[in-house]
Amino acid sequence: MSTINTRFILVILGLIAAPGIGCRKHKDGGSPTAEKKAVVTTIAGDGTDAFADGPALSAKFHSPADVAVAADGTLYVADYNGHRIRKIAGGQVSTLAGNGTFGIVNGDGGSAQFKNPYRVAIDPGGNVYMIDMVDPRVRKITPGGYVTTYAGLEQAGFFDGGALAAQFQVNAEGLATDAQGNVYLGDSFNNRIRKITTAGQVNTLAGNGTEGSNDGDGATAQFRIPNGIASDAQGNIYVADGSNFCIRKITSAGIVSRLAGSGTRGTVDGNATTAQFNLLDDIVADSQGNVYVTDDNCIRKITPQGVVSTIAGGTTQGYVDGDGLTARFRAIGGMGIDAQGNIYVADVNNNRIRKITFQ
């Protein structure tokens with residue numbers, strides 16, 4: 001498979017529920033304002049579907065699926081069909097871990113193996129966490145590139161408890177960390193948001209496992225194929241609830257509410273109750289309480305009041321840098337955000353990493 005079929009995955013998830021149809025994912029720091037214009041540039045990848053380290057703009061990726069930003073500005077990329085975790089720093093692309101062979105092997109970065117790295121997040125200590133599209137475990141990669149299994153068993157399922165005895169479903173689609181180093185997993189097909197504490201315990205933060213859209217206490221709340229997740233500085237967790245076509249918020253007290261989205265599938269900007277989403281995937285948060293979500297080939301912004309606008313991309317695919325609404329992507333994957341509020345996008349089928357600044 002030469003490219004990750006992200007659109008196929010998301011469409012299938014949408015059809016399941018549609019009638020008839022990091023230091024983490026958040027960084028403290030500046031935030032774009034409504035008056036500023038989004039500008040898209042390419043910062044890595046020459047567009048070739050291949051593997052090559054080296055100067056950023058001549059490096060090559062095999063369908064990059066996600067990007068996360070460390071406190072020092074270093075970027076980490078889940079190179080899906082390259083079976084590697086890549087690093088971008090000082091204008092150079094290098095390999096942090098993975099030898100390019102499809103498999104699951106822990107150990108030194110050069111001998112470690114991944115199947116299809118899908119999401120990455122970073123803790124305050126610079127450790128990288130990743131989930132694999134076809135394996136139900138969470139892996140941890142130290143800053144030096146050493147790979148271990150952080151949580152989960154090879155056998156998919158659902159079980160809370162000690163990290164290495166816990167079970168998750170295959171095809172989990174969300175990963176984030178918080179300021180304390182806790183890891184959060186959007187366990188999509190268990191319809192739950194899971195938390196892995198720094199003490200090595202897995203528990204369910206929200207979701208009772210039954211598909212639905214109930215708000216309220218985390219233990220009784222319901223999700224329908226939750227995808228991307230992000231944390232903010234106040235301890236809130238945001239969820240792209242893929243097949244409910246809305247953005248959910250989980251407070252630090254564990255209360256779930258709907259931030260934006262009417263629940264009807266579509267692409268409509270506007271206030272919290274009338275806005276519509278189409279193919280929700282990944283999500284990041286800034287320090288002002290704004291969240292940004294990938295929706296098909298667009299990036300959408302949601303204010304703390306739930307007002308939704310489109311800041312970059314359009315309904316057609318392509319490869320165009322420039323002003324946000326004239327820029328084009330070809331199958332947007334995951335995102336990261338830095339301390340200045342700049343957003344980094346894994347442009348899957350353009351085999352590039354794009355950057356959105358606000359001017």
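The legends below describe close-up views of a predicted model.

**View 1. Strands 8, 9 and 10 pair through two successive hairpins**. Strand 8 (residues 128-132) and strand 9 (residues 135-141) run antiparallel and are joined by five bridges, with two residues between them in the hairpin that they form. Within this pairing, Ile131 lies opposite Val138 of strand 9. Strand 9 also pairs with strand 10 (residues 147-151), again in the antiparallel sense, over four bridges, and here Arg139 has Thr149 of strand 10 as its bridge partner. The hairpin of strand 9 and strand 10 has five residues between the strands, and Gly145 in that hairpin adopts a positive phi near 95°. Six of the seven residues of strand 9 are buried, so this strand is largely enclosed by the rest of the structure.

**View 2. Tyr129 and Tyr150 form an aromatic pair between strand 8 and strand 10**. A search of the whole structure finds three aromatic pairs. For the rings of Tyr129 and Tyr150, the centres are 5.0 Å apart and the planes stand at 65°, so the pair is classed as edge-to-face, an assignment that applies to angles over 60 degrees. The pair links distant parts of the chain, since Tyr129 belongs to strand 8 and Tyr150 to strand 10, 21 residues apart. Both partners fall under the 20% limit for a buried residue: Tyr129 has a relative accessible area of 2%, and Tyr150 has one of 18%.

**View 3. Tyr292 and Phe358 form a tilted aromatic pair**. Their ring centres are 6.2 Å apart and their planes meet at 45°, so the pair counts as tilted. This pair, too, links distant parts of the chain, with Tyr292 in strand 22 and Phe358 in strand 28 (residues 352-358), 66 residues apart. Tyr292 is buried, and Phe358 is buried as well.

**View 4. Strands 21 to 24 make up an open antiparallel sheet**. The four strands follow the order 21-22-23-24, and the edge positions are taken by strand 21 (280-285) and strand 24 (308-313), each of which pairs on one side only. From one strand to the next, the twist averages 25°. Inside the sheet, strand 22 (residues 291-295) and strand 23 (residues 298-302) pair in the antiparallel sense over five bridges, and Val293 has Arg300 of strand 23 as its bridge partner.

**View 5. Thr197 occupies a loop and is buried**. The loop that holds Thr197 lies between strand 14 (192-196) and strand 15 (201-206). The relative accessibility of Thr197 is 15%, and the residue therefore counts as buried. When its neighbours within four places in sequence are left aside, Thr197 is in contact with Tyr150, Asn182 and Asn203. One of these contact partners, Tyr150, is also the strand 10 member of the aromatic pair in View 2.

**View 6. Two arginine side chains place their charged ends over aromatic rings**. The charged end of Arg84 sits over the ring of Phe51, at 3.6 Å from the centre of that ring. In the other arrangement, the charged end of Arg352 sits over the ring of Tyr319, at 3.8 Å from the ring centre.

Conventions: Residues numbered from 1 in each chain as written. Predicted model: local features only at pLDDT ≥ 70, side-chain atom pairs only at ≥ 80, totals over all residues. Heavy atoms only, no water. Buried < 20%, exposed > 50% of the residue type's maximum accessible area, 1.4 Å probe, protein only. Contact = heavy atoms within 4.5 Å. Pairing = 2+ DSSP bridges. Axes fitted to C-alpha atoms, helices over the stretch in contact; angles between N-to-C directions. Phe/Tyr/Trp six-rings, centres within 6.5 Å; stacked < 30°, edge-to-face > 60°. Lys NZ or Arg CZ within 6 Å of the ring centre and 35° of its normal.
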